[in-house]
Every structure is written in C-alpha cells, then in structure tokens.
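Okay, thanks for squeezing me in, everyone. I've got one small item for today, so let me put it up on the screen.

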Amino acid sequence: MAHRFEIRKNKKGEFVSYFCYNSETIFWTEGYASKASAKNAIESILKNGPGAEVVDTTKE
C-alpha cells in the first residue's frame, strides 16, 4: 500500500499521527500526551475526511 498513517513520538515525547504517501510525509497532527489520542485523531480523519470540501484561497 502506497499510503499509511504512522504514530511517532516527537522531541517533547508527545505522540503525533503522520499521513505518509510513497514514503513522503503529507501532513501530521499536533502532539498528544497519549497514544490513544493520536489514534483518535486518525479515526476522526478517516471518518470526517472523505467528504471534506476543497477551498482554494489563491488569487489568479
């Protein structure tokens, strides 16, 4: 699979959820005190993300 979520620890020791595609980090969440919170963030993205609106605020 080319894309995946990863849970890593940052320098502060917090748990951070990363979304990676082809070994490249696309985005990450804020740091959480518990791994369960990082997992909840992933679940929220999977649940609420598919129908998310795309907003382009650039001016052409």
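I'll go through the overall layout, then the strand pairing, and then the turns.

First, a caution: this is a predicted model, so please keep that in mind as we go.

Let's start with the overall layout. What does the protein chain contain in the way of helices and strands? There's 1 helix and there are 3 strands. Reading from the N terminus, the order is β-β-β-α.

Now, the overall dimensions. If you took a compact globule of 60 residues, you'd expect a radius of gyration near 10 Å, but this protein chain comes out at 13 Å. The box around its C-alpha atoms, along the principal axes, is roughly 40 × 25 × 25 Å.

How much of the protein chain is buried? Buried residues are 20% of the 60. The accessible surface is about 5100 Å², and carbon and sulfur atoms account for 51% of that. As for contacts, take the ones between residues at least 6 apart in sequence: 13% of those join residues at least 24 apart.

One word on charge, too. The protein chain carries 9 positive and 8 negative charges, and the mean positions of the two sets sit 11 Å apart.

Okay, on to the strands. S1 covers residues 3–9 and S2 covers 15–21; they run antiparallel, with 7 bridges joining them. If you want to find that pairing on screen, look for Arg4, which stands opposite Cys20 in S2. Another pair to look for is Ile7, whose bridge partner in S2 is Ser17.

S2 pairs on its other partner as well: 4 bridges join S2 to S3, again antiparallel. S3 is residues 24–28, and here you can look for Phe19, bridged to Phe27 in S3.

So is S2 mostly covered or mostly open? Covered: 6 of its 7 residues are buried. As a general reminder, side chains in a regular strand alternate between the two faces of the sheet.

Last part, the turns. The hairpin of S1 and S2 has 5 residues between the strands, and in that hairpin Gly13 takes a positive phi near 85 degrees.

The hairpin of S2 and S3 has 2 residues between the strands, and this is the bit I'd like you to zoom in on. Which residues sit in that loop? Asn22 is in there, and so is Ser23. Asn22 has a positive phi of about 50 degrees without being a glycine. Ser23 isn't a glycine either, and its phi is positive too, at about 65 degrees. For background, most residues other than glycine have a negative phi.

And are those two buried or exposed? The cut-off for exposed is over 50% relative accessible area. Asn22 has 52%, so Asn22 counts as exposed. Ser23 has 66% relative accessibility, so Ser23 is exposed as well.

To recap: S2 pairs with S1 through 7 bridges and with S3 through 4, and the loop between S2 and S3 holds Asn22 and Ser23.

That's it from me.

Note on methods
Residues numbered from 1 in each chain as written. Predicted model: local features only at pLDDT ≥ 70, side-chain atom pairs only at ≥ 80, totals over all residues. Heavy atoms only, no water. Rg over C-alpha atoms; globule rule 2.2 N^0.38 Å. Buried < 20%, exposed > 50% of the residue type's maximum accessible area, 1.4 Å probe, protein only. Contact = heavy atoms within 4.5 Å. Areas by Shrake-Rupley, 256 points an atom, 1.4 Å probe, with all protein chains shown as cover. Lys, Arg positive; Asp, Glu negative; His and termini not counted. Charge placed at Lys NZ, Arg CZ, Asp CG, Glu CD. Pairing = 2+ DSSP bridges.
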